[in-house]
Amino acid sequence: MSDRHASVTRETAETEIDCRLVVDGDGEAEIDTGIGFLDHMLDSFARHGLFDLELSCDGDLEIDDHHTVEDVGIVLGQAFDEALGDRAGIRRFADRRVPMDEAQASVVVDVSGRPYFRFDGEFSQERIGGFTSALARHFARS
């Protein structure tokens, strides 16, 4: 097993989340958040990022998807922070563009530890299945 791995658990009044991350993985994912589109996005993220991710969330989806999306974003960020540790042996930043069916995604990541976030984009529909599109920005910021 890679030295760059983490296990994070988070329990709040709204969610219970268990996450296991292996940075130097094979792109295998087992995701169950209760939100199909979020599961799909996290699965794609792991597969194309070549890291292994197991994540389950039991959230208050009977109310809405906000807490689940927010708390999953927080836990995933904590897992990466823990797994990367002192960031030894990795490049500090990267810039990528990804072509998709109806969009082009562009991302710049800096793992220096200095917080900054910017999201430019919009969705053509308010909801994608059980996922509120506006929460994509909130997920990434969380």
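Me: Helices are taken as DSSP runs of H or I with at least four residues, numbered from the N terminus. In which helix does Asp-81 lie?
Reply: The model is a predicted one. Asp-81 counts as partly exposed, because its relative accessibility is 44%, and its C-alpha atom is 10.0 Å from that of Arg-4, 77 residues away along the chain. The element that holds Asp-81 is helix H2.

Me: How far does H2 reach from its first C-alpha to its last?
Reply: H2 is made up of 19 residues. At 1.5 Å a residue, a span of 27 Å is expected, and the model comes close to it. From the first C-alpha of H2 to the last, the reach is 27 Å.

Me: Against which elements do the buried residues of H2 pack?
Reply: A residue is buried when its relative accessible area is under 20%. In H2 the buried residues include Val-69, Val-72, Leu-76, Phe-80 and Leu-84, and Thr-68, Glu-70 and Asp-71 are also among them. The elements they pack against are E1, E2, H1, E4, E8 and H3.

Me: Which residue follows H2, and what is the sign of its phi?
Reply: The backbone just after H2 has a phi near 55 degrees. The residue there is Gly-85, and the sign of its phi is positive.

Me: Where is Arg-87 placed?
Reply: Arg-87 is not a glycine, yet its phi is positive, near 65 degrees. Its relative accessible area is 22%, so Arg-87 is partly exposed. Its place is the loop between H2 and strand E5 (93–99).

Me: Why does the span of helix H1 (residues 36–49) agree with what its 14 residues should give?
Reply: At 1.5 Å a residue, the 14 residues of H1 should span 20 Å. The end C-alpha atoms of H1 lie apart by that expected distance, which is why the two agree: 20 Å.

Me: Which elements are included in what covers the buried residues of H1?
Reply: The buried residues of H1 are Leu-38, Asp-39, Leu-42, Ser-44 and Ala-46. Their cover takes in strands as well as helices. It includes strand E3 (29–32), strand E4 (52–59), helix H2 (66–84), strand E8 (131–132) and helix H3 (135–141).

Me: Is Leu-50 buried or exposed, or does it count as partly exposed?
Reply: Leu-50 follows H1 and is found in the loop between H1 and E4. Its phi is positive, about 55 degrees, although Leu-50 is not a glycine. Because its relative accessibility is 48%, Leu-50 counts as partly exposed.

Me: How many disulfides does the count come to?
Reply: A disulfide requires two cysteine sulfur atoms within 2.5 Å. For Cys-19 the closest cysteine sulfur is that of Cys-57, and at 11 Å it is too far for a bond. Cys-57 in turn has the sulfur of Cys-19 as its closest, again at 11 Å and too far. The count therefore comes to 0, given the cut-off of 2.5 Å.

Me: Which residues does Cys-19 touch, not counting those up to four places away in sequence?
Reply: Cys-19 is found in strand E2 and is buried, with a relative accessible area of 1%. Its C-alpha lies 7.3 Å from that of Leu-53, a residue 34 places away in sequence. Not counting residues up to four places away in sequence, Cys-19 touches Ala-6, Ser-7, Val-8, Leu-53, Glu-54, Leu-55, Val-75 and Ala-79.

Me: Which residues of its lining lie nearest the centre of the second largest pocket?
Reply: The second largest pocket has a volume of about 160 Å³ and a lining of 6 nonpolar, 2 polar and 5 charged residues. Strand E1 (5–11), strand E2 (15–22), E3 and E4 each supply at least two residues of that lining. Of the 13 lining residues, those nearest the centre are Arg-20, Leu-21, Val-22, Asp-52 and Glu-54.

Me: Which residues does Ser-142 touch, not counting residues up to four places away in sequence?
Reply: Ser-142 lies in the segment after H3 and is partly exposed, with a relative accessible area of 28%. Its C-alpha is 24 Å from that of Met-100, 42 residues away along the chain. Not counting residues up to four places away in sequence, Ser-142 touches Glu-70, Gly-73 and Ile-74.

Definitions and conventions. Residues numbered from 1 in each chain as written. Predicted model: local features only at pLDDT ≥ 70, side-chain atom pairs only at ≥ 80, totals over all residues. Heavy atoms only, no water. Buried < 20%, exposed > 50% of the residue type's maximum accessible area, 1.4 Å probe, protein only. Expected span 1.5 Å × (residues − 1). Contact = heavy atoms within 4.5 Å. 1 Å grid on protein atoms, 1.4 Å probe; cavity = no way out; pocket = protein on both sides within 12 Å on 5 of 7 lines; lining within 4 Å. Points joined across faces, edges and corners; volume = space filled by probe spheres on them. Nonpolar A, V, L, I, M, F, W, Y, C, P; charged D, E, K, R; others polar.
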